[in-house]
Amino acid sequence: MNTKKIFKWTGIIFGLTVLFLIASNFIWLNERENLLYKMQQYVTYSKEDWKNYETNEKYLENAPTEAAQTAVATAAVTDLHPYNIGFFTGNEKTEELKRIKNAHFEKLVPAKNKPSDEDAQAALIRLTQGRLTDVIINQELNIKVGQCYENPNTEGNYNCVSCMILLYNRDKKDWQEAPDGDNFLDNSYDFYQPSEGDIWEAKNLSIMIPYDYELIKKYEKK
C-alpha cells in the first residue's frame with residue numbers, strides 16, 4: 001500500500017471517528033448521561049472514581065421526585081416567618097413587600113393574653129427537648145417575647161397566639177439572631193395553653209405576623 005492510500009484511509013478513519021464522537025454526544029443512555037460521557041468514564045476513571053460514581057448513583061436513586069421537590073419549593077415560598085425588610089434589595093425587596101401586603105396584617109388582633117419571657121423560654125426548652133438549656137447557660141442567652149397576635153389555629157387548645165422572639169445576650173447586653181454555632185431556633189412561634197390557666201407550650205408558626213422592629217430596638221445595645 002503506497003503512501004497516498006495510507007493517508008487516504010487514515011483520513012477516512014479519522015473523519016468517521018470524529019463523526020462518531022459528535023454523534024455520541026447526542027445519544028443519551030439515560031436522563032443524565034450520553035454515550036460520549038460514558039466513553040470518557042471508561043477511559044479516564046480510576047477505581048476510586050468509579051466508587052464515588054456508584055455512591056452518587058445511589059444518592060440520585062433515592063433523591064426526591066420532581067413532585068416532592070416542587071412541594072419543598074412551594075413550602076419555601078410560603079415561609080411564614082417575618083423578616084427585616086431592610087435586609088432585602090431589588091426584586092427580593094419588591095417580592096417581600098408584596099408578600100407583606102398580601103398578608104393583610106391590619107386584620108391581626110393583638111393578643112391581650114400572652115406568655116411572659118419566662119413562659120416562652122420554658123415552652124421553647126420543652127419544644128427543643130432541652131437543647132435551649134445549654135444555650136441559656138453556656139452562651140448566657142435568654143428568650144425575649146415581642147408583640148403577640150391572636151391565632152385562630154387553636155387545634156383544640158384553650159387559646160393560641162403567634163409571637164416573634166429574640167435571643168438576649170446577658171453578657172453583651174445586646175440581642176442576637178441565633179445561638180452561636182447551632183442555629184436551631186426560628187424567630188417566631190405559636191404559643192398555646194391546652195386549658196385555661198395552663199402552662200404555655202410552643203409549636204411552629206402557623207400564620208404570618210409582621211417583623212417586630214420595636215422588640216429589636218428594645219433590646220439592642222445602647
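Below is a short exchange on how the labels for this predicted model follow from its computed values.

Me: What makes up the protein chain, and in what order?
Reply: The protein chain has eight helices and five strands. From the N terminus on, they run α-α-α-α-α-α-α-β-β-β-β-β-α. Of its 222 residues, 32% count as buried.

Me: How do you know that Cys148 and Cys163 form a disulfide?
Reply: Their sulfur atoms are 2.0 Å apart. The cut-off is 2.5 Å, so the pair qualifies. A search of the whole structure finds one disulfide. The pair links distant parts of the chain: Cys148 sits in strand β1 and Cys163 in strand β2, 15 residues apart. With 110° about the S-S bond, the link is right-handed.

Me: Why are Cys148 and Cys163 called buried?
Reply: Cys148 has a relative accessible area of 0%. Cys163 is at 0% too. Buried means under 20%, so both cysteines earn the label.

Me: Why is Cys160 in no disulfide?
Reply: The nearest cysteine sulfur, that of Cys163, is 8.6 Å away. A disulfide needs sulfur atoms within 2.5 Å, so Cys160 does not qualify. Cys160 is still buried, because its relative accessible area is 1% and the limit is under 20%.

Me: Why is the contact between Lys98 and Glu95 called a salt bridge?
Reply: The closest N and O atoms of Lys98 and Glu95 are 3.6 Å apart. The rule asks for a side-chain nitrogen within 4 Å of a carboxyl oxygen, so the pair passes. Both residues lie in helix α5, three residues apart, about one turn of the helix.

Me: What makes Lys98 and Glu95 partly exposed?
Reply: Lys98 has a relative accessible area of 43%. Glu95 is at 47%. Buried is under 20% and exposed is over 50%, so both values fall in between.

Me: How do you know that Arg99 and Glu96 meet in a salt bridge, and are they buried or exposed?
Reply: The N to O distance is 3.0 Å. That is within 4 Å, so the bridge counts. Arg99 and Glu96 also lie in helix α5, three residues apart. Arg99 has a relative accessible area of 17%, and Glu96 has 7%. Both are under 20%, so both are buried.

Me: What makes Arg126 and Glu201 a salt bridge?
Reply: Their closest N and O atoms are 3.0 Å apart. The limit is 4 Å, so the pair qualifies. This pair links distant parts of the chain: Arg126 is in helix α6 and Glu201 in strand β5, 75 residues apart. Arg126 is partly exposed, because its 40% lies between 20% and 50%. Glu201 is buried, because its 19% is under 20%.

Me: How many salt bridges are found in the whole structure?
Reply: The search finds six. Salt bridges that share partners join Glu155, Asp190 and Lys203 into one network.

Me: How do you know that the buried residues of helix α7 are on the same side?
Reply: The buried residues are Leu132, Val135 and Ile136. They cover an arc of only 95° around the axis, which puts them on the same side of α7. Ile137 and Asn138 are exposed on the other side. The cover over the buried residues includes α6 and β1. After α7 comes Glu140, whose phi is positive, near 55°.

Me: Why is Leu108 called buried?
Reply: Leu108 has a relative accessible area of 19%. The cut-off is under 20%, so Leu108 counts as buried. Leu108 lies in the loop between α5 and α6. Leaving aside neighbours within four places in sequence, Leu108 is in contact with Tyr149, Ile207, Met208, Ile209 and Pro210. Leu108 and Asn151 are 43 residues apart in sequence and 8.5 Å apart in space, C-alpha to C-alpha.

Me: Why is Ile13 called exposed, and which patch is it in?
Reply: Ile13 has a relative accessible area of 53%. Exposed means over 50%, so Ile13 meets the label. Ile13 is found in helix α1. With Trp9, Ile12, Leu16, Leu19 and Ile22, Ile13 forms a nonpolar patch on the surface, with about 620 Å² of accessible area together.

Methods: Residues numbered from 1 in each chain as written. Predicted model: local features only at pLDDT ≥ 70, side-chain atom pairs only at ≥ 80, totals over all residues. Heavy atoms only, no water. Patch = residues over 30% accessible without salt bridge, like charges linked within 9 Å, V, L, I, M, F, W, Y side chains within 5 Å. Areas by Shrake-Rupley, 256 points an atom, 1.4 Å probe, with all protein chains shown as cover. Helix = DSSP H or I, 4+ residues; strand = E, 2+ residues; numbered from the N terminus. Buried < 20%, exposed > 50% of the residue type's maximum accessible area, 1.4 Å probe, protein only. Arc of directions from axis to C-beta. Contact = heavy atoms within 4.5 Å.
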